[in-house]
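Me: I am new to this structure. Can we walk through a few of its elements, one question at a time?

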Amino acid sequence: MSHDDADRTAPSTLVPEDEVARICAELIRIDSSNYGDGTGPGERKAAEYVMGELAEVGLDGTLLESEPGRATVVVRLEGEDSARPGLAVHGHLDVVPANAADWQVDPFAAEERDGCIWGRGAVDMKDMDAMILANIRHFARTGTRPARDTTFVFFADEEAGGTLGSHWLVDHHPQWFEGVTEAISEVGGYSVTVPTPEGQQRAYLLQTAEKGIAWLRLHAHGRAGHGSVPNDENAIVRLAAAIGRIAAHEWPREYIASVRELLDRLGTMTGIPAGEDLEPLLGTLGGAQGFVRGTLRDTANVTMLESGYKHNVIPQTASAAVDCRFLPGHEESLMATIRELAGEHVEIEVVHRDVALEAPFSGDLVESMKQSLLREDPDAAVLPYCLSGGTDNKALGRLGISGYGFAPLRLPADLDFAPMFHGIDERVPVDSLRFGARVLGDFLRTC
């Protein structure tokens, strides 16, 4: 029997792990690519799918659109103890675009190969959406309640900063988060296998912090002219000089608390000290080292260029997009540094800005996440880490909600998982999905 048919045959005996792969595959087959400019298909079809899965088990979800086609779904379940502060559990329904020519498989076919479901969103983050939805359905079918009043959200627009998703919901419908103090979402809880003096050990990276975002556009100005005439006010040259200075800048290294604790604990596990040269220690993290390396300092990467309209015309303006990420408390210093490096002939436009977050690697919620993982994988370690990217927890932080990344996946040691975020040939093992569905369910019942 295929996983596509599993939940249709014996609904009374289903558990979340029985249908999580089906839900993940069906979500992947819905193209919800977010191009960031309003030209994509939007999330409406994916949101309607979620609504249908909720309705099938007797739940009335709420579908909200910030703009036509940009849809978010919310459903709240009453907890065993409604006197306790509430919890938010959220995912996003949009995905980054995929160029099919670059992939081994159709990125929207959800092909199952080598024990994995392949497709755009398998990692970011229709896998977690499926874990969440499978557990909601199980609660509804069995009459089980989560430990606390829990608001489940499937957001639009996360891949473009959440303007039409999480931020819009916080601005226009904050009542959904009344009483909520903590939240969990993506890019945390997955395993890496690291070398130890005794052999190898799995470590789950629980996301406790994330860098802030400053998406900037640099506009260089100069004097237009004929391409055959010397021009010492060439806008493209001025922009190139600014880009060169930004690229060459050595941002100072600083370890925030979550990064320091990760390095110290990882050093103890592996026997490799967290010294001045971190490369040997970072190398033990495999593909996840990129995320960690991105949290050792502020960063600024040029991502797009635009200028000119004819080969023999020197344009009067040239523009570049720069993706800046800053550590908690570093926003003002980063912006001041960028202004200095850009120089007098370059104007800086802020396209999108969002906060950095840091939550403690302690407390009842963190302990619940750790114990839910360790009940399934008792010999593992659980470590904190800071995400170099961002999540919808930034929007919830405006309401005073502390956010964590906890999308639990026990992964094969040889699967280079983290680089598949926004990468090609994105895939998630079916066994990992089943593991995650069990761990998430345990967490929701015990947190």
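Reply: Gladly. This is a predicted model. Start with helix α11, whose buried residues include L365, V366 and S368. Also among them are M369, K370, S372 and L373.

Me: Which strands and which helix do the buried residues of α11 pack against?

Reply: Take the strands, then the helix. The strands are β3 (86-92), β7 (180-185), β9 (199-210), β17 (381-387) and β18 (402-405). The helix is α13 (430-446).

Me: What span does α11 reach from its first C-alpha to its last?

Reply: α11 covers residues 364-376, which is 13 residues. At 1.5 Å a residue, 18 Å is expected. The model comes close to that, at 19 Å.

Me: Now α13. How many of its residues are buried?

Reply: α13 has 17 residues. Its buried ones include V430, L433, F435 and L444. The helix is mostly covered, with a buried count of 12 of 17.

Me: At what angle does α13 run to β19?

Reply: α13 lies across three strands: β4, β5 and β19. Those strands form an open antiparallel sheet in the order β4-β5-β19. Relative to β19, α13 runs at about 65 degrees.

Me: Which strands stand at the edges of that sheet?

Reply: The order is β4-β5-β19. An edge strand here has a single partner, so one side of it is left without a neighbour in the sheet. That describes β4 (112-113) and β19 (427-429).

Me: Which residue of β19 stands opposite C116?

Reply: β5 spans residues 116-118. β5 and β19 pair in the antiparallel sense over three bridges. Opposite C116 stands P429.

Technical notes. Residues are numbered from 1 along each chain as its sequence is written. This is a predicted model: local features need pLDDT of at least 70, side-chain atom pairs count only at pLDDT 80 or more; totals for chains, interfaces and linings use all residues. Side-chain values use heavy atoms; hydrogens and water are left out. Helices (H or I, at least four residues) and strands (E, at least two) are DSSP runs, numbered from the N terminus. The expected span of a helix is 1.5 Å times one less than its number of residues. Buried means under 20% relative accessible area, exposed over 50%, partly exposed in between (1.4 Å probe, protein chains only). Contact means heavy atoms within 4.5 Å. Two strands pair if DSSP finds at least two bridges between them. Axes are lines fitted to C-alpha atoms, for helices over the stretch in contact, and angles run from 0 to 180 degrees between N-to-C directions.
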